[in-house]
Amino acid sequence: MSNKTIAKICLFVIFVGIATAAAACKRILSGPDDRPDFDTADSPYGTPEKVGVIESKDIKESSGLAASRCNTGVLWTHNDSGDGAFIYALSTSGRTLGTWEVTGAENNDWEDIATVKDKDGKCWLYIGEIGNNEGKRDRTLVYRVAEPAVTPDAKDSSRKSPLATSPARSVAIIYPDGAPNAETLMINPVTGKIYIVTKRMDGPATVYSADADFASGSDAAARKVAELSVPSVPNGLFTGGDISPDGTRAALCDYVAGYELVLPAGSSDFDNIWSQKPTKFDIGDRKNGEAIAYSTDGRTLFSDSEGKDAPIFEMKRSD
């Protein structure tokens, strides 16, 4: 057997080992008997309340969650890879409010969604085509599309007969050291800057930022701004995140908990938030939770889970 063949076999074994460990880790961390204890005295949020379940049978792997800034009481979600370019509007109790196909987009590995209301009062959805489980991509994509109006008639739409969004625009995210695997997309509502947090099993995650020009569609260069570690094992296995509407807090989640970072008082540079100590808190008993989102007023967080009849949890600020 040649050295080249041996090297290929070794690489294959390593890859299979990592993939198997990741799957096992996901199963272990999401088991109801393995949920950690939470110090509620230090938590900025109250006990999670199950407020509903996802009603739509089209939503099987909710991978991202965002609370609308222009449609009252609406949550947006999407499936992970394997679905088309569909976004789904839900009530906060999980009722189906409508299904849209994103015009001009493809879902190869959508991992997260974010909402922003700009200074002109227009609302946008940002969708992160940022997954790279197999490490074969040299760049990832972020789509931006005008948020649809959710009207009563929209509830009759479905994956088989969706409504259509306005045309989406995209930018390619170019990383300094190759595209990482990531499941967390956040948009700073004050600056419009994109933040992507990697998903890492063997150490702290990396936080990248990028300035994107969606009007021109030019590539956006990602800049490494921080390494992020939370009090969990693994300590960088992030599956979702969001930035509060006022741009002063960032919430992230992994398979077992939520974590919030707060911008230091008086700081005008959002990048300072990544050096702050994250506070761990309970975000509900989720089977495979990959999403977290701030409410419009920033006083509540929502989380959900993958799978059939997936629960939606609500966490209200306790201060």
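**Exercise 1. Determine whether Trp 274 is buried or exposed, and characterise its ring pair with Tyr 195.**

*Solution.* In this predicted model, Trp 274 has a relative accessibility of 4% and therefore counts as buried, since the cut-off for that class is under 20%. Its partner Tyr 195 is likewise buried, with a relative accessible area of 2%.

The geometry comes next. A pair of aromatic rings is described by the distance of the centres and the angle of the planes. For Tyr 195 and Trp 274 these values are 5.7 Å and 50 degrees, and the pair is tilted. Tyr 195 belongs to strand 12 (residues 194–200), while Trp 274 lies in the loop between strand 19 (258–262) and strand 20 (279–281), so the pair ties together parts 79 residues apart in sequence. Ring pairs also join Tyr 195 and Trp 274 with Phe 270 in a cluster. The whole structure contains 9 aromatic pairs.

**Exercise 2. Classify the ring pair of Phe 238 and Tyr 259, and state where each residue lies.**

*Solution.* The planes stand at 90 degrees and the centres are 6.5 Å apart, so the pair is edge-to-face; the cut-off for this class is over 60 degrees. Phe 238 is located in the loop between strand 16 (236–237) and strand 17 (240–243), and Tyr 259 in strand 19, so parts 21 residues apart in sequence are tied together. Both Phe 238 and Tyr 259 are buried.

**Exercise 3. Describe the surroundings of Glu 183.**

*Solution.* Glu 183 is placed in strand 11 (residues 182–187). With 3% relative accessibility, Glu 183 counts as buried. Its side chain makes a polar contact of 2.9 Å with the side chain of Lys 199. Beyond neighbours within four places in sequence, the residues in contact with Glu 183 include Glu 111, Asp 112, Phe 238 and Glu 290.

**Exercise 4. Locate the disulfide and describe its geometry and exposure.**

*Solution.* A search of the whole structure yields 1 disulfide. Its partners are Cys 70 and Cys 123, with an S to S distance of 1.9 Å. Cys 70 sits in the loop between strand 2 (62–67) and strand 3 (74–79), and Cys 123 in strand 7 (residues 123–129); the two cysteines are 53 residues apart. The link is right-handed, with 80 degrees about the S-S bond. Cys 70 is partly exposed at 39% relative accessible area, whereas Cys 123 is buried at 4%.

**Exercise 5. Identify which arginines lie over the rings of Trp 124 and Tyr 45.**

*Solution.* The charged end of Arg 144 is over the ring of Trp 124, 3.8 Å from its centre. Over the face of Tyr 45 lies Arg 317, at 5.0 Å from the ring centre.

Methods. Residues numbered from 1 in each chain as written. Predicted model: local features only at pLDDT ≥ 70, side-chain atom pairs only at ≥ 80, totals over all residues. Heavy atoms only, no water. Disulfide = S-S within 2.5 Å. Helix = DSSP H or I, 4+ residues; strand = E, 2+ residues; numbered from the N terminus. Buried < 20%, exposed > 50% of the residue type's maximum accessible area, 1.4 Å probe, protein only. Polar contact = N/O pair within 3.5 Å; in protein donor to acceptor, adjacent residues only side chain to side chain. Contact = heavy atoms within 4.5 Å. Phe/Tyr/Trp six-rings, centres within 6.5 Å; stacked < 30°, edge-to-face > 60°. Lys NZ or Arg CZ within 6 Å of the ring centre and 35° of its normal.
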